[in-house]
Amino acid sequence: MLDGYRALANDVLKRVKRKAKEKEVKLDIQEVIERPSLEEYLFELVEEDAIKIIVAGPQLLTAKIGNLPSIAEYLEED
């Protein structure tokens, strides 16, 4: 099951890259990185001087994320 989620995440990253390129938006995307805590990982990105962080996922994930850094935005998918 995890392999399916990994493949889906990579597909989403490819789609985001393509759409950003069409809009001439510069992205710095890291490939799929698994961490025990998404919240912890987002704060690591802030420490690496990220400008904006966008996280997308199902509504079920909303409660599990915890506190987001101020530069992070969570988009609920249907």
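Analyst: Helices (H or I, at least four residues) and strands (E, at least two) are DSSP runs, numbered from the N terminus. The model is predicted, and local features need pLDDT of at least 70, side-chain atom pairs pLDDT 80 or more, while totals for chains, interfaces and linings use all residues. Residues are numbered from 1 along each chain as its sequence is written, and side-chain values use heavy atoms, without hydrogens and water.

User: In what order do the elements of the protein run from the N terminus on?

Analyst: The protein has three helices and two strands. Helix H1 spans residues 2-22, and helix H2 spans 38-47. Strand E1 covers 53-58, while helix H3 covers 59-65 and strand E2 covers 72-77. Read from the N terminus on, the order is α-α-β-α-β.

User: Where is Leu27 found, and is Leu27 buried, partly exposed or exposed?

Analyst: Leu27 sits in the loop between H1 and H2. Buried means under 20% relative accessible area, exposed over 50%, and partly exposed in between (1.4 Å probe, protein chains only). Leu27 has 39% relative accessibility, so Leu27 counts as partly exposed.

User: What share of the residues of the protein counts as buried?

Analyst: The protein has 78 residues. The share of them that counts as buried is 15%.

User: Which element gives the most residues to the largest nonpolar core?

Analyst: A nonpolar core is a set of buried Ala, Val, Leu, Ile, Met, Phe, Trp, Tyr and Cys residues joined through side-chain atoms within 4.5 Å. The largest one here has seven residues: Tyr41, Leu42, Leu45, Ile53, Val55, Ala72 and Tyr74. H2, E1 and E2 each supply at least two residues of this core. The element that gives the most, with three residues, is H2.

User: Which residue forms a salt bridge with Lys52?

Analyst: A salt bridge is a side-chain nitrogen of Lys or Arg within 4 Å of a carboxyl oxygen of Asp or Glu. The whole structure holds one such pair. In this pair the closest N and O atoms are 3.4 Å apart, and the partner of Lys52 is Glu73.

User: How many residues apart along the chain are Lys52 and Glu73?

Analyst: Lys52 lies in the loop between H2 and E1, and Glu73 lies in strand E2. Lys52 is partly exposed at 49% relative accessibility, and Glu73 is partly exposed at 34%. The salt bridge links distant parts of the chain, its two residues being 21 residues apart.

User: What distance separates the C-alpha atoms of Gly66 and Glu39?

Analyst: Gly66 belongs to the loop between H3 and E2 and is partly exposed, with 44% relative accessibility. Gly66 and Glu39 are 27 residues apart along the chain. Their C-alpha atoms are separated by 6.0 Å.

User: What is the phi of Glu24, about?

Analyst: Glu24 is in the loop between H1 and H2. With 75% relative accessibility, Glu24 counts as exposed. Glu24 is not a glycine, yet its phi is positive, at about 60°.

User: What is the phi of Asp49, about, and is Asp49 buried or exposed?

Analyst: Asp49 lies in the loop between H2 and E1. Asp49 is not a glycine, yet its phi is positive, at about 70°. With a relative accessible area of 64%, Asp49 is exposed.

User: What is the relative accessible area of Lys19?

Analyst: Lys19 lies in helix H1. Lys19 counts as partly exposed, its relative accessible area being 47%.
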